[in-house]
Amino acid sequence: MGTVITKIPWGVLLILLPLMGGMACFLWPRIAKILGLVLTFVGVLSVVGLGWQIMSNGVYHHAVGGWGAPLGINLYADGLSLLMLAITALVGFGISVYSSGYFERQHSTRFWPLWLLVLAALNALFLSNDIFNLYVTLEVMGLAAVALAALTGSRDALSGAMRYLLANLLGSLSYLFGVALLYHGFGSVDITTLAVQVKGSPTTWAALGLIGAGLVLKTALFPLHFWLPPAHASAPAPVSALLSALVVKASFYILLRLWLEIFGPLGGDVDTLFGVLGAVAVLWGSLQALRQTRLKLLVAYSTVAQIGYLFLAFPLAMSAGVMAWNAAVYLALSHALAKAAMFLATGNMLRFGGHDRIADLDRVVQRLPLTATAFALAGVSIMGLPPSGGFIGKWLLLEVALAQGQWGLVVIIVLGGLLAAGYVFKVLGQAFTQAAVMHESRAVPASMEWAALLLAFGAILLGFLATPVLSLVGIGSPFGAHEVMP
Amino acid sequence: MNEDIHSISLLIVMVWPLLLAIPAVRSRLPWPGHLAIMPAAVRVILPGDSSFELSWLFFGTEFAIDGEVRWILAMTVAVWLLAATAAKSSKSDPTYDRTTTFFLLTLAGNVGVVLATDLVGFFSFSTLMGYSFYGLMIHGGNAEVQRAGRLYLIFLIVADLVLFEALLLAASTTEDLRYKVVRQAMVGTSSTQFYLWMALVGFVFKAGIWPAQLWLSSAFKSVPFSRALLLGGVPVSMGLLGMVRWLPFGEHAFYVFGMVIQMIGVASILYGALRFFTNATMKMLPAWSIITVTGFFMATLGTGLVYPALWSQYEYLTHPFIASLGIFLAALTFTIGRLQDTRPHPAFASRKVEDLSLWVGKWIGAIRRSSKDRLFGLQSLWRGSWLKVKEQPQRILDWGKPAVLVGGWSAAITMFVLLGLMLAWLAR
Amino acid sequence: MNWNAWIPLLVVASSLLPGLVIFSLAEERVRLRSTLNLAGALVKLALVGWMLWGVYHGRHYETRLALLPDLELVLRAGPLSLLFVTLSSVLWLVTTVYAIGYLEGSPHRSRFFGFFSLCVSATVGVALSGNLISFLLFYELLTLSTYPLIVHRGTEVARRAGHSYLVYTIFGGALLLLGTVWLYTLTGTLEFTPQGFLNSLGEEHHPALIVIFALMIAGLGVKAALVPLHGWLPQAMVAPAPVSALLHAVAVVKAGVFGIVRVVYEVFGVSFAAELGVTGPLAWLAATTIIYGSLRALFQDDLKRRLAFCTVSQLSYIVLGVAIAGPIATIGGVVHLVHQGLMKIALFFCAGNLAETLGIHKVSEMNGVGRRMPWTMAAFTIGAFGMMGAPPIAGFISKWYLGLGALEAGQEWVILVLAGSSLLNAAYFLPILHRAWFQEPPETWPEERKFGRKETAWALLLPPVITALMALGAGMLASAPFSPLGWAQLIAQREFYQP
């Protein structure tokens with residue numbers, strides 16, 4: 001049994017199945033919903049299989065078609081990739097379940113092919129080990145995501161999507177230029193090869209600038225976050241969840257990978273800059289979230305703030321690599337779960353009340369208890385209160401910051417949590433009171449409520465899984481083997 | 001076997017009134033007051049000393065009856081029987097049923113105080129007694145009674161606080177808080193002086209000894225006789241008893257401390273006597289007499305503290321003295337009350353009480369007025385206050401008119417007595 | 001199979017699981033819900049009793065679950081934990097009975113009881129936590145699960161009270177988190193150890209330790225309602241009476257105080273804390289709180305608010321006992337943890353009864369209420385006298401040991417604080433009692449509900465009477481085995497006299 005599992009090329013399946021599925025959905029819209037659900041579930045199983053493989057055999061290598069680097073396409077998966085794949089599969093499954101109840105027929109036929117395409121691109125991205133493949137997957141994912149954001153065709157959605165598209169293209173182009181420069185300079189796009197060859201030179205620095213800027217734009221780090229709130233707020237709920245939870249993480253993942261393998265030693269003060277921007281992002285995003293009167297915008301700005309946290313790890317990683325990266329990964333994972341849950345819960349409230357004005361939430365707690373619970377639990381993780389994944393991530397980050405005496409960052413981390421509590425409870429506080437005007441309400445299918453709730457539970461559960469998750473991350477030592485945990 | 005019965009009988013003496021204090025328990029009993037005191041009465045008559053220890057109560061405590069205690073217990077039984085009879089027969093008291101609970105609680109506290117053998121037991125039961133007595137005293141009373149009650153309560157709270165501090169001082173000196181041990185332990189330590197003064201102040205307040213006689217006299221003035229007859233036997237006697245038990249008599253000469261107590265005694269005698277002659281309404285008779293008698297007692301105690309050797313010669317008299325004091329007072333009040341009931345006479349009408357709250361109100365008024373004056377300018381303020389200052393001595397000496405101080409008479413006599421004491425002290 | 005390792009977890013789960021089930025119950029399934037609640041409470045009590053017996057005979061109960069690579073979620077039953085656990089589980093049972101009676105017929109009961117059980121689980125978790133991170137975890141859980149109870153009524157006032165509660169507690173939690181992580185980076189361990197685990201740190205870390213201490217006390221002080229962090233407590237009185245009773249008189253505020261006890265005794269170690277010079281300021285802070293709370297209570301006409309300020313004041317007795325830093329004062333402080341809980345819960349039950357039966361919310365409406373509701377007011381009287389420290393009620397024992405401890409430690413000023421506080425307590429409790437017993441009742445009560453010949457429903461009447469009797473018993477039977485005082489002495493002995 002075990003041998004059978006370890007022999008199946010799970011990585012390839014992870015890419016091919018959604019890709020083919022997407023096409024099938026396009027061709028046969030009638031079965032799209034069923035197919036989408038089945039395929040995302042198979043995706044979860046495949047990740048489990050891949051995990052089994054990795055745990056028994058170590059880091060996963062697969063040369064597609066038998067051609068290895070530097071000519072062919074290499075699939076590569078270590079602990080970090082595995083975790084990202086796992087979170088993608090889990091959140092993806094949640095989104096699929098949710099979407100099966102969410103979309104009307106006309107939107108449904110357009111949603112499923114695009115969604116499976118994004119999923120395929122995401123999986124491919126996390127499995128790639130060369131920067132050009134990364135570009136391709138990033139581009140596919142980005143375009144499909146833009147299409148998803150524009151799905152409803154409303155005025156807001158279109159303008160938001162247009163901004164998103166422009167930002168996306170700009171980011172991709174910039175990244176592509178960087179890739180071209182590196183290829184020109186060192187004759188390879190394979191990360192492992194590049195890692196050995198890259199030296200400090202004007203070419204490298206230019207490439208670093210281009211790639212970094214492109215990815216930062218795509219990750220929506222302050223001050224390049226301008227496109228995110230309108231796009232995320234105007235998209236349909238499952239799409240917002242997808243964008244905030246996974247798509248943004250994908251570009252962060254690339255940045256992280258490149259940083260760890262290629263640019264880290266050459267970076268100079270870039271990491272400090274990332275840290276500062278991250279800190280400002282935390283404050284700015286949280287403050288903006290606090291000011292919002294619309295629920296979806298609030299959640300979107302919260303994403304801006306949470307992304308800031310991820311970048312705080314860069315300056316800290318200089319002397320405490322593993323710990324800081326662990327913290328960042330943990331935050332990314334729990335944010336993915338929590339923010340997906342939060343957007344889905346928001347979608348429920350929006351559908352239920354027909355609006356998302358925070359002040360008129362009108363006793364959501366009584367009328368949609370599961371959704372309110374989901375929002376609250378996700379909020380707990382976002383605030384970084386125990387027990388939740390967010391807490392573990394914040395704890396690790398704080399620990400590193402304190403150990404290094406980085407008082408500025410300590411203050412930012414604590415303050416960010418407080419502000420997050422402010423905006424989460426701004427919503428929950430209204431959920432108990434009665435609105436001045438009664439609204440017509442529309443029923444919410446149970447599957448939508450449960451999808452949100454289970455994802456939120458996942459974020460909480462992550463708070464108890466630190467040991468296994470951190471040992472998984474360590475497989476293939478993506479953060480460098482020379483450093484040991486204190 | 002016999003000992004066990006004796007011990008259990010002591011327990012019943014204390015628990016029985018407490019049990020009856022629960023309304024549901026006594027609802028069918030015709031004479032709850034009398035019934036409650038019965039076990040104590042039986043125990044007084046039964047011969048033989050006994051004690052029993054309750055190791056689980058508080059920090060472990062013991063109750064005992066011996067020759068001295070028997071005197072006090074006998075007095076308690078007598079006074080309470082009289083009070084129960086008076087309460088039962090007093091038709092004028094519409095709140096009889098409701099007061100019974102407080103009556104019985106006070107009784108339980110009183111018995112406990114008498115039987116306690118250590119400071120903690122004494123203190124605990126005297127708290128129970130004190131606060132329940134407040135309830136007993138003011139229940140259903142008019143505004144005057146309420147005011148008297150409030151005065152009593154203030155003195156009681158302060159006394160309890162002060163005694164608690166004394167208790168702590170004792171406890172930090174010796175683990176064992178039985179009277180005999182404390183008496184020896186509290187001599188010659190660093191906290192002795194504190195302890196002595198705290199205990200003195202506490203019991204002077206509790207027993208209404210001069211200069212804290214205020215609550216006692218106003219209580220006598222306003223409380224119906226059926227309850228006023230308890231004043232002598234309950235707060236006053238127990239206060240005196242407390243002093244005898246808490247202070248270290250016969251161990252060491254406390255010269256200054258003893259002198260002060262002596263002086264308090266002398267002052268009380270003078271005060272009581274003078275008030276008696278200047279303001280002898282029938283109703284106030286017991287009040288002035290009790291102040292005089294406690295004065296005698298205090299003077300004796302003071303002497304005992306100054307001359308420990310002398311103390312041992314008349315120590316055996318203290319308990320009978322306290323006992324007779326309680327009985328005498330109760331009987332006197334009872335008689336006068338009966339007389340008044342049967343033969344109401346305008347001459348017995350008591351005078352208006354100038355009590356503390358009025359006094360406070362006056363001060364507040366004065367402050368308010370003076371702040372208002374400020375608006376009219378400094379000059380008028382000056383003139384106004386000067387006039388006021390000029391008026392004060394006149395008012396005090398103008399006995400009939402309301403004065404700024406407590407009351408024309410009491411203030412005047414207090415000042416007179418103080419003057420006498422000062423002269424005596426200086427001439428020493 | 002070693003069951004002992006799972007019992008602490010079961011104690012937490014015995015309220016958590018019923019709570020989760022209750023959330024999913026329909027509103028009208030009253031009987032099932034009550035059964036679940038009471039069963040949970042009884043099971044918890046039985047488990048706690050089992051642990052008490054075991055610990056008394058030298059057994060160890062400890063659950064360890066991995067939380068972070070080097071940190072574990074530890075639930076351990078030591079004497080100090082058991083003191084608090086026993087208190088909360090006993091009072092949970094009583095309050096559940098009360099709450100069932102109190103909320104009869106009101107909406108959203110499933111939600112209420114669900115969160116109520118969560119709160120109790122969190123409290124028990126706080127009590128059993130064997131290290132700081134577990135403590136922190138349950139402490140925050142407590143914050144979160146209390147919030148819905150405060151805003152339960154869904155009015156604007158409730159919303160604002162909830163808001164202020166959160167502002168205070170989240171802020172406090174953040175400070176506590178900061179202190180905890182900082183401490184961890186210095187020591188690498190967070191395990192509660194008798195006499196602390198910081199002795200070995202070098203001189204150069206002392207300034208940092210002082211700051212950490214301040215952070216932690218500030219974080220815990222929010223829940224313990226130390227002045228000036230007490231603002232949320234009186235406002236939170238808008239919650240239903242059982243919440244005020246169990247949570248704002250016992251569980252939540254005690255979690256804060258208990259945390260302070262833990263931090264001083266088992267993180268810093270009391271002698272080390274004294275050496276750092278941090279106990280002195282803490283004692284002054286506590287003294288200020290005691291007097292300030294009493295002064296504010298004097299001027300409240302709303303009964304629950306008066307009781308709330310009284311809570312503010314009384315809680316600091318415990319902190320004071322800890323901060324005096326001597327064995328006897330420790331006994332006083334720790335035992336007051338239990339005593340204050342018993343007395344105050346009785347008082348709040350009574351306040352709830354008055355509101356529910358007669359519609360009385362203000363002190364000025366209480367004239368003659370003792371004649372209408374004698375049993376309730378008798379319980380109230382016992383509680384009030386206990387708060388004043390009158391013997392033989394439990395408060396006397398606490399005050400006794402606090403005073404003795406202060407004398408022993410040579411800090412006589414504490415006596416003055418205690419005396420002043422008692423005086424003020426008398427000044428704001430005795431007028432209530434006077435009104436209730438000795439004033440004439442009005443013609444009609446504000447909003448009377450009839451219960452036949454009884455003064456009120458059984459479920460409302462029994463809890464205050466029982467808790468008041470427990471307060472009386474804890475005072476009278478102080479020397480009996482298994483009394484709160486006995487446990488407190490055991491704890492103090494472990495902290496001070498064992499090597």
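In this predicted model, domain 1 and domain 2 of chain A bury about 2100 Å² between them, and carbon and sulfur atoms give 79% of that area. Buried area here is the accessible area (1.4 Å probe) that two parts lose on being put together, summed over both. A:Leu83, A:Ile87 and A:Tyr98 supply 27% of what domain 1 of chain A buries against domain 2, more than any other three residues. Residues are numbered from 1 along each chain as its sequence is written, and chains are lettered from A in the order in which they are written. Local features need pLDDT of at least 70, side-chain atom pairs count only at pLDDT 80 or more, totals for chains, interfaces and linings use all residues, and side-chain values use heavy atoms, with hydrogens and water left out.

Domain 1 of chain A spans 1-158 + 220-258, and domain 2 spans 333-486. These bounds come from an automatic or database domain assignment. The C-alpha centres of the two domains of chain A lie 22 Å apart. Domain 1 brings 27 residues to the contact and domain 2 brings 24, where contact means heavy atoms within 4.5 Å. The rule finds zero salt bridges across this domain interface; a salt bridge is a side-chain nitrogen of Lys or Arg within 4 Å of a carboxyl oxygen of Asp or Glu. Five residue pairs are in polar contact, both at pLDDT 80 or more. A polar contact is a pair of N or O atoms within 3.5 Å; within protein, one must be able to donate a hydrogen and the other to accept it, and residues adjacent in sequence count only if both atoms are side-chain atoms.

On the domain 1 side of chain A, α3 (32-57), α4 (79-102) and α11 (237-263) each supply at least two residues. Helices (H or I, at least four residues) and strands (E, at least two) are DSSP runs, numbered from the N terminus. α4(A) gives the most, with 13 residues. By class, this side has 17 nonpolar, six polar and four charged residues. Ala, Val, Leu, Ile, Met, Phe, Trp, Tyr, Cys and Pro count as nonpolar, Asp, Glu, Lys and Arg as charged, and the others, Gly among them, as polar.

Chain C meets chain A through 33 of its residues, against 34 of chain A. The two chains bury about 2900 Å², with 82% from carbon and sulfur atoms. Zero salt bridges cross the interface of chain C and chain A. Zero residue pairs in polar contact are found there, counting pairs with both at pLDDT 80 or more. β1, β2, α5 (132-150) and α6 (156-187) of chain C each supply at least two residues to the side that touches chain A. The largest share, twelve residues, comes from α6(C).

Strands β1 (residues 62-68) and β2 (residues 71-76) of chain C run antiparallel and are joined by six bridges. Strands pair if DSSP finds at least two bridges between them. A hairpin of two residues links β1(C) to β2(C). C:Thr63 stands opposite C:Leu75 in β2(C).

Chain C also contacts chain B, with 31 residues from chain C and 30 from chain B. About 2500 Å² is buried between chain C and chain B, 80% of it on carbon and sulfur atoms. C:Pro391, C:Trp400 and C:Phe438 supply 25% of the area that chain C buries against chain B, more than any other three residues. The rule finds zero salt bridges between chain C and chain B.
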